[in-house]
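Work through the exercises below with the structure open. Each task is followed by a solution in steps.

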Amino acid sequence: MDQTKLIELLNGDLETEYRSIVQYISHIATAKGAEFQSTIEELRQHLSQELQHATALAEQVDFLGGVPSVRVPPVSAATDTREALGQDLELEQNQLERYRERVSQTQEMGLGDVSEALRPLLQQTQDHVRDLQAALGL
Ligand SMILES: [Fe+2]
Ligand SMILES: [Fe+2]
């Protein structure tokens, strides 16, 4: 893989983080039901970490000589809290897959610094997947 392709993929990752930020803001504000109160606190923690993820990705894109994307993908509205959490889980699982690929790709390319910078994203995304699975009783 060449660096241009990597920049493109990292910008795609960045856009999924923008989507996470929009989704979590929306879902935190609209979540209903006493059974989800502790989940909402977890979503708040996710939200602040997504902001760090987006910032880290934008910095890596710039470091590699690219221009960080500012495109926010469309976010579909959820009709209830379970559906909202399901959307969040699906997005986190997609990101987990992306970060696994990105860590090994950057290692293969000899970009150790980039790989190191992406490692916390991989780890925290794994935690987010587990949190949401637990919240949904999966
Ligand atoms: Fe994230
Ligand atoms: Fe996340």
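**Exercise 1.** Is the crossing of α2 and α4 left-handed or right-handed? Describe how the two helices are packed in this predicted model.

*Solution.*
- Start with the axes: those of helix α2 (residues 37–63) and α4 come within 10 Å and cross at roughly 160°.
- An angle over 145 degrees counts as roughly antiparallel, so α2 is roughly antiparallel to α4.
- The handedness follows from the view of the pair: α2 and α4 form a left-handed crossing.
- Next, list the residues. On the α2 side, Thr39, Glu42, His46, Gln49, His53, Ala56 and Gln60 take part, and they meet Val114, Ala117, Leu121, Gln124, His128, Asp131 and Ala135 of α4.
- Sorted by class, the contact of α2 with α4 has five nonpolar, seven polar and two charged residues.

**Exercise 2.** At roughly what angle do the axes of α3 and α4 cross?

*Solution.*
- Helix α3 spans residues 81–108 and helix α4 residues 112–135; their axes cross at roughly 155° and come within 8 Å.
- This angle makes α3 roughly antiparallel to α4.
- The crossing of α3 with α4 is left-handed.
- Their contact is made up of 12 nonpolar, nine polar and five charged residues.

**Exercise 3.** Why does leucine 47 count as partly exposed?

*Solution.*
- Locate the residue: leucine 47 is in helix α2.
- Count its neighbours: leucine 47 has 16 C-beta neighbours inside 10 Å and therefore counts as partly exposed.
- Leaving aside residues up to four places away in sequence, leucine 47 touches Ile21, Tyr24, Ile25 and Ile28.
- For a distance check, the C-alpha atoms of leucine 47 and arginine 102 are separated by 22 Å, with the two residues 55 apart along the chain.

Technical notes:
Residues are numbered from 1 along each chain as its sequence is written. Chains are lettered from A and ligands numbered from 1 in the order in which they are written. This is a predicted model: local features need pLDDT of at least 70, side-chain atom pairs count only at pLDDT 80 or more; totals for chains, interfaces and linings use all residues. Axes are lines fitted to C-alpha atoms, for helices over the stretch in contact, and angles run from 0 to 180 degrees between N-to-C directions. Helices (H or I, at least four residues) and strands (E, at least two) are DSSP runs, numbered from the N terminus. Angles under 35 degrees count as roughly parallel, over 145 as roughly antiparallel, 65 to 115 as roughly perpendicular and the rest as oblique. A crossing is left-handed if the near helix is turned anticlockwise from the far one by less than a right angle, and right-handed if clockwise. Ala, Val, Leu, Ile, Met, Phe, Trp, Tyr, Cys and Pro count as nonpolar, Asp, Glu, Lys and Arg as charged, and the others, Gly among them, as polar. Two residues are in contact if their C-beta atoms, placed from the backbone, lie within 7 Å. A residue is buried if 20 or more other C-beta atoms lie within 10 Å of its own, exposed if 12 or fewer, and partly exposed in between; C-beta atoms are placed from the backbone.
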